[in-house]
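This report describes the surroundings of two ligands and the packing of a pair of helices. Please keep the sequence and the structure in view while reading.

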Amino acid sequence: MSQSQSVLHLQDQTIDANKQGEALSEDLVQSKKGQDSGKKYYIETYGCQMNFNDSEIVASILAGEGFSATQSSEEADLLLINTCSIRENAEQRVRQRLKQLQPIKKQKPEAQIGVLGCMAERLKSKFLEEEKLVDLVVGPDAYRDIPSLVREAETGDKGVNVLLSREETYADINPVRLDSNGVSAFISIMRGCDNMCSFCVVPFTRGRERSRNPESIVAEAQYLVDHGYKEVTLLGQNVDSYLWFGGGPKKEYKNLTDEEKTQSVDFAGLLEKAAKVSPDLRVRFSTSHPKDITEDVMHVMNKYDNICKYIHLPVQSGNTRILNLMNRGYSREWYLDKVAKIKEIIPDCGISSDIISGFCDETEEEHQDTLSLMEKVRYDMAYMFNYSERPGTLAAKKYTDNVDKDTKKRRLQEIISLQHQHGYESNLQDIGKTFTVLVEGYSKKSNEQMRGRNSQNKMIVFPQHDFQPGDYVDVKVDECTSATLIGHAV
Ligand code: 5AD
Ligand code: SF4
């Protein structure tokens with residue numbers, strides 16, 4: 001993931017996600033061969049890593065129905081856009097894209113366009129009534145229903161399913177790895193979010209939090225290892241509140257029955273299980289929540305070399321009053337204590353953050369608190385955003401989006417500049433050090449350079465020699481930019 005002045009976030013990236021080739025699971029290749037429908041789907045994904053992984057689940061469901069993937073939107077019988085609602089500009093981009101796709105529909109009226117994910121959930125049938133841009137509207141918990149919705153839409157009806165589930169985790173579905181480098185893959189370990197941060201639309205679009213059976217998670221990691229993958233990222237909106245006790249909506253540990261307690265697995269336990277799958281498999285996770293991350297998790301990270309020493313710990317704001325308005329459940333001091341604990345237990349841990357500029361009522365002094373917190377923590381990396389009011393959220397109902405655009409922008413620019421400086425300084429400190437890098441592919445700039453990450457999630461480029469994606473290479477850092485370390489294999 002890259003991050004720069006332009007506030008690039010995974011949530012703002014798109015992939016034409018159809019380069020699946022050999023990554024298709026054998027079972028699915030079988031079922032495709034058995035019942036090839038001759039139909040082709042095209043899928044584009046906007047938003048977070050979770051959405052990308054959801055598209056892989058959708059691809060698996062469609063492959064099971066005999067659909068094959070195409071990278072050409074013109075060639076497709078079914079065009080799917082998996083959408084993001086997190087900020088207004090994410091939704092605007094999707095609307096634009098849906099408009100761009102309309103000529104295809106004119107040329108080929110039998111083609112269907114479907115909108116999936118958070119925007120489908122948020123806008124529901126409004127998409128069909130007001131916007132008339134799509135044939136299918138499918139929320140994040142209804143992907144199993146896509147084949148029957150497609151059939152429904154073929155008869156001229158519009159297919160809508162936006163029911164949120166308290167149980168669905170797609171645990172039994174082996175995702176078809178889209179746009180994969182064959183080295184790293186995502187595994188969703190839970191769905192939904194119960195936190196209700198006041199700015200955030202996710203609890204409304206992705207529903208209640210539920211954890212996935214750890215056995216199915218370990219089996220998926222094992223499957224990936226067996227197919228040559230070297231890195232998995234365990235995904236959840238708040239991985240630290242992962243708790244398996246037999247299935248169903250989230251419960252606190254203290255409210256479990258004795259039987260549920262006996263079979264329960266928390267995030268530290270799950271992380272350990274994932275680490276044990278293979279010492280050759282790197283394990284990452286995202287996203288951690290400052291109010292929930294435990295010392296147990298930090299100790300497990302320390303115990304296993306193959307758990308990457310990197311925590312994405314979004315702070316959102318450095319001011320306690322604003323954190324309260326955001327309903328984040330911690331104070332500035334609590335956050336700084338957590339960071340100190342991480343640095344004490346895992347001294348070489350990389351830490352990154354999400355920061356929102358110009359939340360409702362934020363004063364200049366409160367903005368300065370965010371800058372001063374950044375000075376204290378010195379993040380290796382951060383995703384930084386202007387506050388964008390989302391309809392239906394607690395903040396939209398209770399507070400006024402009253403920091404004017406220019407002030408928001410100026411504050412964001414100050415945050416970004418400071419982060420750039422910190423990122424560069426953090427990289428300078430790595431010069432002369434040697435890191436084990438997992439090779440992901442060629443450097444974006446040159447085919448004579450390879451690129452990969454160290455345990456702390458920093459990107460390192462170095463001369464190719466005979467290295468291949470998936471190799472572990474010890475690389476000594478010689479120089480750096482604010483975004484990248486540059487070195488040579490030793
Ligand atoms: N406005 C701006 N940023 C937001 N995020 C979530 N909701 C909003 C919003 N309404 C950011 C938070 C979160 C990240 C995924 O997106 O920083 O951690
Ligand atoms: Fe949104 Fe907060 Fe849940 Fe993250 S933890 S998805 S910011 S509500």
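Which strands each supply at least two residues of the shell around ligand 1? They are strand E16 (350-357) and strand E17 (381-386), strands being DSSP runs of at least two E residues, numbered from the N terminus.

## Basis of the model

The model is predicted: local features need pLDDT of at least 70, side-chain atom pairs count only at pLDDT 80 or more, and totals for chains, interfaces and linings use all residues. Residues are numbered from 1 along each chain as its sequence is written, chains are lettered from A and ligands numbered from 1 in the order in which they are written, and side-chain values use heavy atoms, without hydrogens and water.

## Ligand 1

Twelve residues would be too many to list here; among those around ligand 1, Arg-87, Phe-199, Gln-316, Asp-354 and Ser-388 come nearest (a residue counts if one of its heavy atoms lies within 4 Å). The shell has 5 nonpolar, 4 polar and 3 charged residues; Ala, Val, Leu, Ile, Met, Phe, Trp, Tyr, Cys and Pro count as nonpolar, Asp, Glu, Lys and Arg as charged, and the others, Gly among them, as polar.

A polar side-chain atom of Gln-316 lies 2.6 Å from an oxygen atom of ligand 1, and one of Arg-87 lies 3.1 Å from an oxygen atom of ligand 1.

## Ligand 2

The shell around ligand 2 comprises 7 nonpolar, 3 polar and 1 charged residues. Its members include Cys-193, Cys-197, Cys-200, His-289 and Arg-328.

Key. A polar contact is a pair of N or O atoms within 3.5 Å; within protein, one must be able to donate a hydrogen and the other to accept it, and residues adjacent in sequence count only if both atoms are side-chain atoms. Helices (H or I, at least four residues) and strands (E, at least two) are DSSP runs, numbered from the N terminus.
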